[in-house]
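Please take a look at the model below. This report covers its nonpolar packing, inside and at the surface.

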Amino acid sequence: MKKIILLPFLLLFITAIAQKTKRIKVDAPFTKYSYLSFNPFSIAEPQLAVGLSYGNRFTERSEMFIEVSYVAKHPSYNFDYEKLNGFRFIAEYRYHFLQQWKPIINLGEKIRERKRKSQPFIGLQFRLKQYQLIYKDNFTNFVDTLINYRYIANIVSLGGALTFGATYNISKNKKWQLETTIGVGAKQKFVKYKNLPSNYKVLIYEKSRALYTPKINDEIGTPIFPTTIRLRYMLK
């Protein structure tokens, strides 16, 4: 009789130990890490961008990401402007969703396992691009018009975006990862001409067209949808 009474307590004790062991395994201590990454598709952009990115995940949820790239005129595209060179800087704070969170809708263990492996995050991004441009355009001072005037301009583009992304392990030792991001935001362009005669401005009559496409020297704000696929190499 005593053995029968003790049996439920013994089973409860074994279950408690098993649950504790499982919890320790899931809630493993967080380890800081950093990495280098590269966007191979940036070399195919109309404005060629070549550079490296660095990321550091310094807490369980927080990560800082920085990218610096050299920007130039792409040799494979037939553009009217003669020369373009400068740099692009991207800084982003990323907030990681912890994999221990339960999904709102339970779609099965395979879906939960996939979410754990994907490591999703949301980011707040700052973008800066600065470059010098040699180009031709029409300018006016409302008395005289300069047609196809060759000018040099310094252009600064400031922007920001809200991004969503995820990373995936693509090697057994987890040294190599694939990162995908997509976002929505806006940018504002500022143009300063270096060799333009005083009191002349860009001739803007073309902007009255319904399907007007902004030119590279238009000082306007536009929406942006930054989308990237980066290859990561884990440093530690």
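## Leu84 and the largest core

This is a predicted model. In it, Leu84 touches Gln47, Val71, Ala72, Lys73, Tyr131, Gln132, Leu133 and Ile216, leaving aside residues up to four places away in sequence.

Leu84 belongs to the largest nonpolar core, which has 16 residues. Leu84, Leu133, Phe139 and Ile216 touch the most other members of that core. Two strands, β5 (120-140) and β6 (145-169), each supply at least two residues of this core. Another core lies apart from it. That one has five residues, including Tyr33, Tyr35, Ile90 and Met234.

## The surface patch

A nonpolar patch sits on the surface. Its members are Leu36, Phe41, Tyr54, Tyr168, Ile170, Trp176, Leu178, Ile229, Leu231, Tyr233 and Leu235. Together they have about 960 Å² of accessible area. The elements giving two or more residues to the patch are β7 (176-193) and β10 (227-234). β10 gives the most, with three residues.

## Tyr54 and Ser34

Is Tyr54, a patch member, buried or partly exposed? Tyr54 has a relative accessible area of 37%, so it counts as partly exposed. This residue is found in strand β2 (residues 47-57).

Ser34 lies in strand β1 (residues 33-38). Ser34 is buried because its relative accessible area is 4%, and the cut-off for buried is under 20%. Which residues does Ser34 touch? Not counting residues up to four places away in sequence, Ser34 touches Tyr54, Gly55, Asn56, Met234, Leu235 and Lys236. Of these contacts, Tyr54 and Leu235 are among the patch residues, while Met234 is one of the five-residue core.

Terms used
Residues are numbered from 1 along each chain as its sequence is written. This is a predicted model: local features need pLDDT of at least 70, side-chain atom pairs count only at pLDDT 80 or more; totals for chains, interfaces and linings use all residues. Side-chain values use heavy atoms; hydrogens and water are left out. A nonpolar core is a set of buried Ala, Val, Leu, Ile, Met, Phe, Trp, Tyr and Cys residues joined through side-chain atoms within 4.5 Å. Buried means under 20% relative accessible area, exposed over 50%, partly exposed in between (1.4 Å probe, protein chains only). Helices (H or I, at least four residues) and strands (E, at least two) are DSSP runs, numbered from the N terminus. Contact means heavy atoms within 4.5 Å. Patches are made of residues with over 30% relative accessible area and no salt bridge: like charges are joined within 9 Å, nonpolar side chains (Val, Leu, Ile, Met, Phe, Trp, Tyr) within 5 Å. Accessible areas come from the Shrake-Rupley method with a 1.4 Å probe; for residues, only the protein chains shown count as cover. A salt bridge is a side-chain nitrogen of Lys or Arg within 4 Å of a carboxyl oxygen of Asp or Glu.
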